[in-house]
Each structure stands twice: as C-alpha cells, then as structure tokens.
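Ready to practise reading a protein model? Work through each exercise on your own before you look at the solution.

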Amino acid sequence: MDKYIQIKSIPTLPGIYQFKNKNDKVIYIGKAKNLKNRLRSYFQNQKNQSSKTISMMKNANDLEWIVVENEVEALLTEANLIKKYRPKYNVLMKDDKSYPYIQITKEPFPQVLLTRTIKKDGSKYYGPFTNSKRLRTILKVMHKIFPIRSCSYFIDKNIINEKKISLCLDYHIKRCEGPCEGLVSKLEYNKMINYVVLFMKGDTKKIEKYIISKMNIASENMLYEEAATFRDQLNAVRGFSSKKSQLRSIIDDRDIFALATKDNIGIMVIIRIRNGFIYSREKISLQNLFCSEMNTYETVITRFYMDSNLIPPLIILSKQPSNSSELLNLLTQERGGKVRFEYPKIGEKAKEVNITRKNAELLLNEWLIKRIKYKEQIPSILLQLQGDLNLEVPPKNIEAFDISHLGGTNTVASMVSFINGKSRKSNYRKFNLNIKNKINDFASIREVVFRRYKRLKKENKSFPDLILVDGGKGQLNMALSALRDLGLDYIPVIGLAKRLEEIFVPGNSDAQIIQKDSSGLLLLRKIRDEAHRFAISFQRNKRKKNILSSPFLTIKGIGKKKLEKLFFEFSGPNEIANQSVSSLSRKIGVSKETSKNLIKVSKSIIN
C-alpha cells in the first residue's frame with residue numbers, strides 16, 4: 001500500500017474507510033468527519049498509536065473509502081458494513097447476525113412473525129431480543145390475546161372477492177377472525193394490529209381497556225361465548241403484567257445501558273423499561289474491545305437500534321458515547337421522535353444504572369468461567385485447525401459435503417457432521433439432486449448447500465462453525481454463492497481439493513498454505529474422506545435399487561452385470577434409444593437381438 005499516493009488522493013469529506021489485508025479481506029472499518037485527516041493519523045509515528053492500530057497496520061495491504069452525505073450517514077453505513085464483513089479489528093457483537101426480531105409485515109392484513117432477517121420492505125421490526133425465553137413468552141401471550149392470522153398468504157380485497165383462500169382450523173377454534181374470507185374488515189383487523197404494537201411497546205393498560213370494552217359490549221348483547229373469550233384475553237394480559245417487575249416513581253419509557261469488560265471482551269446489558277415496568281433485559285457479548293469505552297457505547301447503541309421500532313425517548317448511560325450528537329440525530333431519525341441521553345450520578349436513575357452494571361459484571365464473570373471450561377474441553381486438534389485457517393472460534397461443529405454420480409446418472413450428495421473432531425452419524429444427511437446436465441459438480445454443490453442451510457434457517461437451528469466442500473475454487477465459489485443468497489456468508493467455508501490436498505478459502509485465488517503434517521489438515525482429510533465414503537455408499541445403494549426395479553432386466557441376455565455396464569456407458573433411456581443396433585451390441589457386449597430389444601424398451605420408457 002503506497003501511503004503517500006493514498007493520502008494525497010483522499011478527500012476532506014465525511015465518509016467511511018476500509019483496510020484490507022493481502023487476501024483482499026476487510027480487516028477494519030471506520031468512519032470520519034474528515035477522511036483525509038483521520039486516515040493521515042494511521043501513518044504517523046507508531047509511538048502515538050495503540051497496539052491494536054500497530055498490529056492492524058502491519059496486516060493492512062490496501063485502503064478503500066466511500067464518501068457519504070453527512071456524519072449520520074457515515075455512522076449508519078459503518079454499522080451496516082461491520083455487520084456484513086465482521087472485520088478482525090472492529091468491536092464485534094457476538095451472534096448479532098442471528099438476533100431475532102418480531103416483524104409486522106406491511107400488508108392489508110399484516111402478519112406477525114419471528115424473523116432474524118431485516119428487509120427494507122416497509123415492515124416494522126421490534127427488537128432485537130437476545131433473551132429467547134423472554135421472546136417466546138411475549139409471542140405466546142400475544143397469540144393468546146390477539147386473533148392474529150397464522151397463514152402466510154397475501155390477502156387483499158381481490159383475493160377475498162375471488163375466494164382464493166378458505167378458512168382454516170384457526171378460525172374454527174377462535175384463534176383467527178377469518179380475514180381470508182372477509183369475515184373481519186381491514187379496518188377492524190388493523191385496529192387489532194395497532195394494539196399488538198402497543199403490546200410490543202409494553203403498554204398493557206390501553207390493551208386492558210380495549211378488551212374490557214369489547215367484553216362489556218358482547219355481554220350486553222348476550223354474546224356470552226364471545227364475552228368469555230375476551231375474559232380469557234384479559235386474564236392473559238393481566239397475568240403477563242403481573243410477572244413484570246414494577247419500579248418506583250419514574251414512569252418514563254427508557255433503556256438503561258451498562259458495560260463490564262475484561263481482557264478485550266465484555267458484556268453490555270440493556271434493561272428496557274416501559275410504563276414503569278421492566279419489559280426485558282438484553283445481553284450482548286462483545287469481542288475485540290481494543291477501543292475506548294465511549295467508542296464501545298457508540299458501536300453497540302448504533303447497531304442495537306438499527307432498523308428497530310423499539311427506540312425509547314430516553315436512553316440512560318454511565319458514559320457519554322463518542323459522536324453523541326450524531327448518534328442522537330440518527331436515533332431521532334429512526335424513531336421519528338426526539339431521543340435524549342442522560343448520565344445520572346445520583347437519584348433513582350443512577351441506582352438503575354448501578355443495577356444494570358451489576359448485571360453486566362455478573363454475566364461477564366459467568367462468561368469468563370464458561371470460556372475457561374470451553375477451552376479445557378476443546379481438543380487440541382481443533383485449536384490447531386483454528387490457527388491453520390485463521391478462524392474466530394475453534395470449529396467444534398464441522399459439516400462436509402461431497403457429490404457422487406455414475407457417468408452423470410444417479411447424482412447424489414452427502415453431508416457428514418463432526419462434533420469436537422469426532423463423527424456424529426445421527427447428523428449425517430443424504431440428498432437426491434435434480435441436476436439436468438450430465439455432469440455438473442458445481443451446480444450440485446450449490447444445490448445441496450442451499451437446501452441444507454435454508455432448512456436449518458427455517459427451523460431456527462444452529463449453524464456449523466465450519467463448512468467443508470470436496471473440491472477446489474469452483475466448488476467453493478458455488479457453496480459461497482448459496483450461503484450468500486441465504487444471508488449466511490459469514491459462516492466460514494473452505495474447499496479441499498483431492499489432487500494436491502490443497503485448501504481454498506473465499507477471497508483468495510491461491511491455495512491456503514498449511515503444513516502437510518498439521519493435525520488440523522489431517523482432520524480435514526479425514527472428514528473429506530468420510531463425506532466421500534458416505535456419498536459413494538448412498539450412490540451405490542441407489543444404483544442397486546434402480547437395477548433391481550429396471551424394466552431392462554426383463555430382456556433376455558440382460559442380467560445385473562450387463563445392466564450395470566449399460567448404466568455406466570449411457571446416461572439414460574434417451575441415449576440408449578438413439579444408439580444403432582451394432583454400436584449398442586459392441587459397447588455392451590450383447591447380441592444384436594438383445595440390442596434391438598434394449599432400444600425397443602428404451603423407446604417405450606420415453607413414450
């Protein structure tokens with residue numbers, strides 16, 4: 001990196017910048033009011049720089065920057081890019097890519113969903129929730145109170161008039177009011193959704209009044225069954241409210257942040273208070289805390305509230321974040337209303353900060369103990385592999401894929417699972433593939449990787465620490481393409497080629513250099529070979545089933561061995577039907593009469 005040329009060409013405008021290593025991987029993302037002044041500081045005397053900056057600059061090989069409109073846009077762009085690339089030298093919120101939100105879709109009859117993916121589609125997102133137990137409680141109570149539709153159909157006036165959707169069981173057990181057949185108006189349904197939003201914001205008092213009014217109306221009209229339903233909803237709301245801890249005299253809606261750190265890791269605790277009650281306690285685990293506490297607060301607050309509809313008017317902190325005025329502008333813009341910071345030293349709010357900090361300290365100590373136990377439990381071979389591949393965590397959970405076919409037919413794929421360096425056969429999976437071309441390992445790898453992790457994502461299951469595909473750069477790029485389409489390209493993935501036992505990683509055209517006697521490489525070979533064995537075994541079994549059920553076995557002169565040879569030579573009935581009698585006879589080693597019968601049966605199969 002020619003620093004003199006770089007600095008000379010950098011503009012004096014607000015923007016974000018990225019340092020990249022020799023493999024073109026982003027290792028640090030920052031923002032600046034004045035790009036030129038900020039970046040110049042990285043090339044000054046090392047005596048004035050932190051150990052993190054010195055280490056980073058040793059690994060930096062290239063520099064890129066993006067000019068933006070203002071400092072608020074720089075703040076937001078930086079947060080988005082850090083979340084996307086997870087650079088080595090930035091503060092990382094552990095697992096922030098998978099924090100769940102409650103989504104209210106933008107439709108005539110909105111759905112209320114649990115999601116881990118934010119889309120710019122007009123939906124409203126409430127969260128994030130780091131406490132999954134609390135989130136499940138909220139969703140369970142919400143569905144008891146409100147008759148929210150559970151189907152995923154798009155419903156509007158035209159769909160209702162054309163009677164494209166019929167009532168489901170939820171309607172008959174009174175868990176849905178039947179918007180699909182127009183049994184509840186758009187106005188009435190969205191009125192209910194507005195109360196769902198109030199519930200998400202912790203305002204249960206208004207919901208109680210709403211349900212009581214509907215219960216009284218039903219009772220006055222002698223609709224006693226309907227009144228009983230409202231009574232059960234009211235009890236669910238009151239039961240939920242009674243479990244919330246009530247605080248003292250302060251009733252302002254607010255979030256309280258507190259941080260505890262040790263050895264470049266930390267825990268940030270956020271306590272959400274709504275209508276005088278503790279609504280939830282969120283915990284964020286942090287890594288790479290090389291920067292100041294003020295910068296850490298800025299990073300966490302920006303990314304915690306990004307795309308969220310749960311921003312309160314008041315945020316209480318023990319330290320003032322860096323660039324607090326720009327941060328407040330961003331939060332005000334996201335909330336659609338004024339937001340302010342407070343840093344109390346005395347009084348009730350100061351006590352709340354101390355309680356939040358105590359929570360953070362206790363959780364940090366718990367995490368440190370777990371880390372020690374975790375390291376003690378990790379086999380040394382995984383620590384070696386972590387170092388070989390420069391992974392963030394030891395790959396305790398590895399999944400590997402291989403493709404097998406016979407001359408382009410009976411294409412199958414295997415997936416094997418290794419936990420703590422040992423095979424977990426209960427996790428193995430087999431895949432029949434729908435590849436049209438005769439031989440296409442690239443498309444096969446893409447299909448199987450996409451199908452595997454689409455399902456895991458849908459079922460809300462954990463992902464592996466490392467994905468291994470059998471093959472070189474082509475197969476690796478296909479696997480990465482599938483993960484990218486699913487928003488999962490942050491999962492480490494490598495390709496292991498058979499020819500020279502070369503390892504390929506994303507973003508690097510050359511093979512990864514690993515010592516041939518490394519125990520980590522030996523483990524990868526073992527896993528790759530097991531995936532290959534499992535795929536071959538599945539492919540052979542499938543071929544045997546095809547042979548046993550094949551109509552070709554009815555032909556005189558065709559036994560299992562001749563049929564195997566037939567399947568090996570030709571991709572299917574189409575190719576056999578297009579052969580000449582003499583050519584087919586010569587290739588398979590059968591009489592011309594048998595060849596005629598083979599062609600005849602092939603044509604009957606096609607037709």
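The exercises below go through this predicted model, one topic at a time.

**Exercise 1. Get an overview.**
Find how many helices and strands the protein has, and what share of its residues is buried.

*Solution.*
Step 1: Go through the secondary structure, which comes to 21 helices and 19 strands.
Step 2: Turn to burial; of the 607 residues, 49% are buried.
Step 3: Look at the surface as well. The accessible surface is about 31400 Å², and carbon and sulfur atoms hold 49% of that area.
Step 4: Finish with the contacts. Among those with a separation of 6 or more, 62% are between residues 24 or more positions apart.

**Exercise 2. Describe the surroundings of Thr105.**
Decide whether Thr105 is buried or exposed, and find which side chain forms a polar contact with the side chain of Thr105.

*Solution.*
Step 1: Locate Thr105, which sits in the loop between β5 (101-104) and β6 (112-115).
Step 2: Check its relative accessible area. The value is 11%, and buried means under 20%, so Thr105 is buried.
Step 3: Follow the side chain. Thr105 and Glu107 are joined through their side chains by a polar contact of 2.7 Å.
Step 4: Now look for a backbone partner: a polar atom of the Thr105 side chain lies 2.8 Å from the backbone nitrogen of Gln111.
Step 5: Set aside neighbours within four places in sequence, and the contacts of Thr105 are Pro110, Gln111, Leu113 and Ser123.

**Exercise 3. Test the cysteines.**
Work out how many disulfides the protein has, and why Cys168 is not bonded to Cys176.

*Solution.*
Step 1: Recall that a disulfide is a covalent bond between the sulfur atoms of two cysteines.
Step 2: Take Cys168. The closest cysteine sulfur belongs to Cys176 and is 5.9 Å away; a disulfide needs the sulfur atoms within 2.5 Å, so this is too far for a bond.
Step 3: Repeat the test for Cys180, which is in no disulfide, with the nearest cysteine sulfur, that of Cys151, 6.3 Å away.
Step 4: Give the total, which is zero disulfides.
Step 5: Add the accessibility of both residues: Cys168 is partly exposed at 38%, whereas Cys180 is buried at 8%.

**Exercise 4. Connect Arg38 to a pocket.**
Find which residues are closest to the centre of the second largest pocket, and which element gives the largest share of its lining.

*Solution.*
Step 1: Start with the pocket itself, whose volume is about 740 Å³.
Step 2: It is lined by 36 residues, and those closest to its centre are Tyr17, Tyr28, Lys31, Arg38 and Asn295.
Step 3: Sort the lining by element. At least two residues each come from β2 (26-32), α3 (51-59), α4 (71-85) and α11 (293-305), and α4 gives the largest share, six residues.
Step 4: Zoom in on Arg38 in helix α2 (residues 35-40). Arg38 is partly exposed, at 33% relative accessible area.
Step 5: List its partners. Beyond residues up to four places away in sequence, Arg38 touches Tyr17, Lys31 and Ala32, and its side chain makes a polar contact of 3.1 Å with that of Tyr42.

**Exercise 5. Look for unusual backbone angles.**
Find which residues a cis peptide bond joins, and where Asn390 lies.

*Solution.*
Step 1: Keep the general pattern in mind: most residues other than glycine have a negative phi, and most peptide bonds are trans.
Step 2: Check omega. The bond between Gly127 and Pro128 is cis, with omega about -5 degrees.
Step 3: Check phi. Asn390 has a positive value near 55 degrees and lies in the loop between α14 (380-389) and β13 (397-406).

Definitions and conventions:
Residues numbered from 1 in each chain as written. Predicted model: local features only at pLDDT ≥ 70, side-chain atom pairs only at ≥ 80, totals over all residues. Heavy atoms only, no water. Helix = DSSP H or I, 4+ residues; strand = E, 2+ residues; numbered from the N terminus. Buried < 20%, exposed > 50% of the residue type's maximum accessible area, 1.4 Å probe, protein only. Polar contact = N/O pair within 3.5 Å; in protein donor to acceptor, adjacent residues only side chain to side chain. Contact = heavy atoms within 4.5 Å. Areas by Shrake-Rupley, 256 points an atom, 1.4 Å probe, with all protein chains shown as cover. 1 Å grid on protein atoms, 1.4 Å probe; cavity = no way out; pocket = protein on both sides within 12 Å on 5 of 7 lines; lining within 4 Å. Points joined across faces, edges and corners; volume = space filled by probe spheres on them.
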